[in-house]
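Trainee: Could you take me through one part of this model closely, namely the sheets and the aromatic rings that go with them? I would like a connected account that I can follow on the screen.

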Amino acid sequence: MEAKKTDTELVVIGGSAGSLQVILEMLKKLKTELHFPIVLVVHRKASSTNILQTLLQQFVAMEVIEIDDKTEIENNKVYIVPADYHLLFENKSMMSLDFSEKMNYSRPSIDVTFNSAAEVYGKNLVGILLSGANADGVEGLGCIKKNKGKVWIQEPDTAEVDYMPRHAVEGVAYDLIITPENLADYINQL
């Protein structure tokens, strides 16, 4: 199955336990010039330090930015949702942070970000769900699909923790099943 060329305006990737290695592998293989931003929603402890940005920056030529409230969205950048905040898209040029209750025991919640992105970007969104230990992200993928966006899910058998991608495969109409090895290739084709 091949990823189809689209008018992609945003790629949003959600992951939890076991997703960091997949993200690092992807970043290593990304083209140096993409015509859209990538937003990463990764579950992590509220008290976690900001080393994730520094770590990820070592693997990719694009600038890696930890999102602040009212961060402007620019193409060819990788954005990370900070620990203990939900990410919302105000429009196609502005992101905001939210400290409302946890969803699926998580803040940031992948569902919150996927739902918000789906409403703003519609058919120009690619939502990707990686390894994880709870159902966060499954409902959000459904919202992305309902809004005509593209849904990609990590092949559960390749996930360190297969609960999240397995529930997504069973519960959501998807466009593509990806593996850690081919994820960057598919993104580069967009």
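**The two sheets and their aromatic pairs**

Mentor: Let us begin with a pair of strands in this predicted model: S6 and strand S7, the latter made of residues 94-98, run antiparallel and are joined by five bridges. The connection between S6 and S7 is a hairpin that passes through two residues. Within this pairing, phenylalanine 89 has methionine 95 of S7 as its bridge partner, and methionine 95 is a residue to keep in view, since threonine 71 also stands opposite methionine 95. That second contact belongs to the pairing of S4 with S7, which is likewise antiparallel and consists of two bridges.

Taken together, these strands make an open sheet of three, in the order S4-S7-S6, with antiparallel pairing. Strand S4 (71-72) and strand S6 (86-91) are the edges, and because each has a single partner strand, one side of each is left without a neighbour in the sheet. As for S7, four of its five residues are buried, so this strand is largely enclosed by the rest of the structure.

Phenylalanine 89 leads from the sheet to the aromatic rings, of which a search of the whole structure finds three pairs. One of them is the pair of phenylalanine 89 with tyrosine 121, an edge-to-face arrangement with 5.7 Å from centre to centre and 90° between the planes. Since phenylalanine 89 lies in strand S6 and tyrosine 121 in helix H3 (residues 110-121), the pair ties together parts that are 32 residues apart in sequence. Phenylalanine 89 and tyrosine 121 are both buried. Another aromatic residue, phenylalanine 99, has a charged side chain for company: arginine 107 lies over the face of its ring, at 4.1 Å from the ring centre.

The other sheet is also open, but it has seven strands in the order S3-S5-S2-S1-S8-S9-S10, and the pairing is parallel. At its edges stand strand S3 (63-66) and strand S10 (176-178), each with a single partner strand, so that one side of each is left without a neighbour in the sheet. Leaving direction aside, neighbouring strands of this sheet are turned by 20° against each other on average. Within the sheet, strand S1 (residues 10-15) and strand S2 (residues 38-42) pair in the parallel sense over five bridges, and isoleucine 13 has leucine 40 in S2 as its bridge partner.

Helices pack on this sheet as well. Helix H1 (residues 20-29) touches S1, S2, strand S5 (77-80) and strand S9 (150-154), and its direction makes about 165° with that of S2. Helix H5 (residues 163-171), for its part, lies across S1, strand S8 (125-129), S9 and S10, and runs at about 135° to S9.

Strand S9 brings us back to the rings, for the pair of tryptophan 152 and tyrosine 186 links tryptophan 152 in strand S9 with tyrosine 186 in helix H6 (residues 183-189), 34 residues apart. Their ring centres are 6.0 Å apart and their planes stand at 65°, so this pair too is edge-to-face. Tryptophan 152 is buried, with a relative accessible area of 2%, and tyrosine 186, at 13% relative accessibility, also counts as buried.

Definitions and conventions: Residues numbered from 1 in each chain as written. Predicted model: local features only at pLDDT ≥ 70, side-chain atom pairs only at ≥ 80, totals over all residues. Heavy atoms only, no water. Pairing = 2+ DSSP bridges. Buried < 20%, exposed > 50% of the residue type's maximum accessible area, 1.4 Å probe, protein only. Axes fitted to C-alpha atoms, helices over the stretch in contact; angles between N-to-C directions. Contact = heavy atoms within 4.5 Å. Phe/Tyr/Trp six-rings, centres within 6.5 Å; stacked < 30°, edge-to-face > 60°. Lys NZ or Arg CZ within 6 Å of the ring centre and 35° of its normal.
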